[in-house]
Amino acid sequence: MAPDSPEQFSSTSRPLDDTQLKEFEKVYREEVDNVFRYAMGCTARREVAEEITSEVFLALYRNFAGVDASWRKAWLFRVAKNMAVNHWRKRRNERELPEGTDIPGETGIPEAAESILDHGDLKPSHRTCLILRYVHGMDRDEIVAATGMSLNQVKSCLQYGLRLLRDKFQIDRKGGSHAEPI
Amino acid sequence: MRNRFDDLDPEEREMVARAGLDKLHCPPFDRMLAAQSGVLEEGEAAPLRRHLESCRYCQALAADFLQGESAAPSTQNLDHVRARLNKGIAGIAKPAPWWRQWQVFAAIAGAAACLAIAVNVNQQSPEVKKSTGTGAPSVEAPKPRFRLPLSAPPVKLSVGSAIVWRGESATNEETYLKDLGAALAPYRAGQYAEAASQLAAVTKKYPQSAEAAFYLGVSLLHQNQPQPARAALEKAEALRPQALRDEVQWFLGVAWERTGNPGQAAAQLKPLCATPGPYHDAACSALPHLR
């Protein structure tokens with residue numbers, strides 16, 4: 001029977017033997033990317049995802065003998081999820097999050113914006129940068145931190161998105177005047 | 001609070017306004033992702049999820065973010081993860097610092113010198129350990145931990161194993177023995193991972209099979225998985241297999257010892273030491289080490 005939580009194991013303060021270490025390294029190589037991605041999906045912060053990923057594998061190291069090989073992967077993600085829950089609880093307790101924020105439900109999206117969003121030339125990275133910048137109001141450095149892209153990549157994506165917008169609205173860059181949209 | 005459009009240049013402002021993006025008020029996307037991932041409390045998550053369901057911008061962002069490269073670890077991220085992990089592991093492997101060892105030696109020396117107040121010293125000794133136990137895990141004894149020997153008992157099937165399905169047809173008995181025999185083949189060959197996998201399936205299919213539970217437990221012990229091994233062996237013990245009674249008792253003792261419960265291990269081994277049998281000698285010689 002699989003334990004319900006990693007806390008049910010008694011962790012060890014002993015290093016793994018050679019065989020266990022090889023197996024641990026294999027699991028690490030196979031799953032580190034997935035655990036990091038999962039942590040990013042839960043927190044959207046790279047430094048937090050790094051912390052969660054390293055703590056998850058450290059927990060596995062401590063409990064290696066007690067975690068059945070057949071459900072190791074599920075165990076890793078369960079620990080990652082618990083850590084993400086704790087992360088948000090901590091942020092809430094430390095009042096990093098605003099109390100009672102109004103969250104809009106149904107959002108009316110202007111037609112012009114929709115056509116930009118659905119533009120066939122827009123790659124996911126472009127769209128991510130555009131939305132983070134112009135909908136969520138992040139500056140370039142914040143986008144770099146969130147996406148892991150370089151500053152130049154972020155600038156390039158935003159410029160590309162702006163060019164699409166410019167083409168759509170035919171804005172004259174120098175004068176700031178504009179013609180009617182197509 | 002910073003206005004999200006404060007740092008836009010005039011051209012950006014113009015286009016954001018024309019596209020109507022300035023009229024959108026989406027919640028922070030990290031909280032939306034968290035709500036979608038199920039790591040927020042329900043009261044907080046529900047309105048965020050409702051927004052996400054209705055906002056194509058946020059849907060697109062979440063999809064692009066999670067499926068694209070944005071959530072993937074960079075080389076730098078992986079380096080940081082590895083460095084933190086290595087540091088944590090080094091903390092586990094690191095021997096106690098000299099000053100902690102010195103404190104323990106001092107406590108022992110104090111205890112020896114002050115026999116008159118031995119009771120007091122004995123009470124303080126654990127506190128010394130406790131108060132210094134914030135960094136490295138604990139002050140560990142230098143001598144290696146005693147371990148019960150782990151063997152691979154030969155396959156024995158009790159008479160009962162052939163009639164696990166009492167009252168069922170002979171065909172079912174044949175099927176059971178065929179399934180069990182197939183699952184025990186890798187066990188006989190020393191392929192314990194494969195054996196554990198197959199025997200787990202047999203125990204699921206035939207929950208009354210003590211043999212399957214027992215050899216599953218032994219296979220898991222060989223796979224260095226004492227917790228699930230103990231569960232399987234306890235199940236085998238509950239089914240009272242006469243032909244495997246001593247074996248179950250011994251290997252359950254091994255499982256208790258390997259899960260850090262020497263007292264429970266000793267309780268398993270005592271009856272084996274008290275009566276003649278294949279594990280008598282091994283149990284008697286192990287008992288003094290299990291305290």
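In chain A, residues 24 or more positions apart account for 59% of the contacts with a separation of 6 or more. The model is predicted. For chain B, the corresponding share is 50%.

**Chains**

Chain A has seven helices and zero strands. Along the sequence, chain A reads α-α-α-α-α-α-α. Chain B has 15 helices and, again, zero strands. The table sets out length and burial for each chain.

| Chain | Residues | Buried |
|---|---|---|
| Chain A | 182 residues | 36% |
| Chain B | 291 residues | 34% |

**Nonpolar cores**

In soluble globular proteins, nonpolar side chains tend to be buried together. Here the largest nonpolar core holds 65 residues. Within this core, A:Ala39, A:Val56 and A:Ala80 touch the most other members. Helix H2 of chain A, residues 46-62, gives the core its largest share, eight residues. Another core lies apart from this one and has 43 residues. Its members include B:Leu220, B:Ala231, B:Ala283 and B:Leu290.

A:Val56 deserves a separate look. Which residues does A:Val56 contact, leaving aside neighbours within four places in sequence? They are A:Val35, A:Leu76, A:Val79, A:Ala80 and A:Met83. A:Ala80 is itself named with A:Val56 among the core residues that touch the most other members.

**H2 against H3 in chain A**

A:Val56 also takes part in a helix pair. The partner of H2(A) is helix H3 of chain A, residues 72-93. The two axes come within 9 Å and cross at roughly 135 degrees. Because of that angle, H2(A) is oblique to H3(A). The crossing of H2(A) past H3(A) is right-handed.

On the H2(A) side, the contact uses A:Val48, A:Ile52, A:Glu55, A:Val56, A:Ala59 and A:Leu60. H3(A) answers with A:Leu76, A:Val79, A:Ala80, A:Met83, A:Ala84 and A:His87. By class, this contact of H2(A) with H3(A) has 10 nonpolar residues, one polar and one charged.

**The contact between chains**

How many residues does each chain bring to the contact? Chain B brings 66 residues and chain A brings 63. Several helices of chain B supply at least two residues each to the side that touches chain A. They are H1 (10-19), H2 (29-37), H3 (42-54), H4 (56-67), H5 (75-93) and H12 (226-238). H5(B) gives the largest share of that side, 10 residues. The side of chain B that touches chain A divides into 36 nonpolar, 17 polar and 13 charged residues.

**H1(A) against H2(B)**

One helix pair spans the two chains. Helix H1 of chain A covers residues 18-43, and its axis comes within 5 Å of the axis of H2(B). These axes cross at roughly 115 degrees. H1(A) is therefore roughly perpendicular to H2(B).

From H1(A), the contact takes A:Gly41, A:Cys42 and A:Thr43. From H2(B), it takes B:Asp30, B:Leu33, B:Ala34 and B:Ser37. The contact of H1(A) with H2(B) divides into three nonpolar, three polar and one charged residues.

**In brief**

Within chain A, H2(A) supplies eight residues to the largest nonpolar core and passes H3(A) in a right-handed crossing. Between the chains, H5(B) gives 10 residues to the side of chain B that touches chain A, while H2(B) meets H1(A) through residues including B:Leu33 and B:Ala34.

Terms used: Residues are numbered from 1 along each chain as its sequence is written. Chains are lettered from A and ligands numbered from 1 in the order in which they are written. This is a predicted model: local features need pLDDT of at least 70, side-chain atom pairs count only at pLDDT 80 or more; totals for chains, interfaces and linings use all residues. Helices (H or I, at least four residues) and strands (E, at least two) are DSSP runs, numbered from the N terminus. A residue is buried if 20 or more other C-beta atoms lie within 10 Å of its own, exposed if 12 or fewer, and partly exposed in between; C-beta atoms are placed from the backbone. Two residues are in contact if their C-beta atoms, placed from the backbone, lie within 7 Å. A nonpolar core is a set of buried Ala, Val, Leu, Ile, Met, Phe, Trp, Tyr and Cys residues joined through C-beta atoms within 7 Å. Ala, Val, Leu, Ile, Met, Phe, Trp, Tyr, Cys and Pro count as nonpolar, Asp, Glu, Lys and Arg as charged, and the others, Gly among them, as polar. Axes are lines fitted to C-alpha atoms, for helices over the stretch in contact, and angles run from 0 to 180 degrees between N-to-C directions. Angles under 35 degrees count as roughly parallel, over 145 as roughly antiparallel, 65 to 115 as roughly perpendicular and the rest as oblique. A crossing is left-handed if the near helix is turned anticlockwise from the far one by less than a right angle, and right-handed if clockwise.
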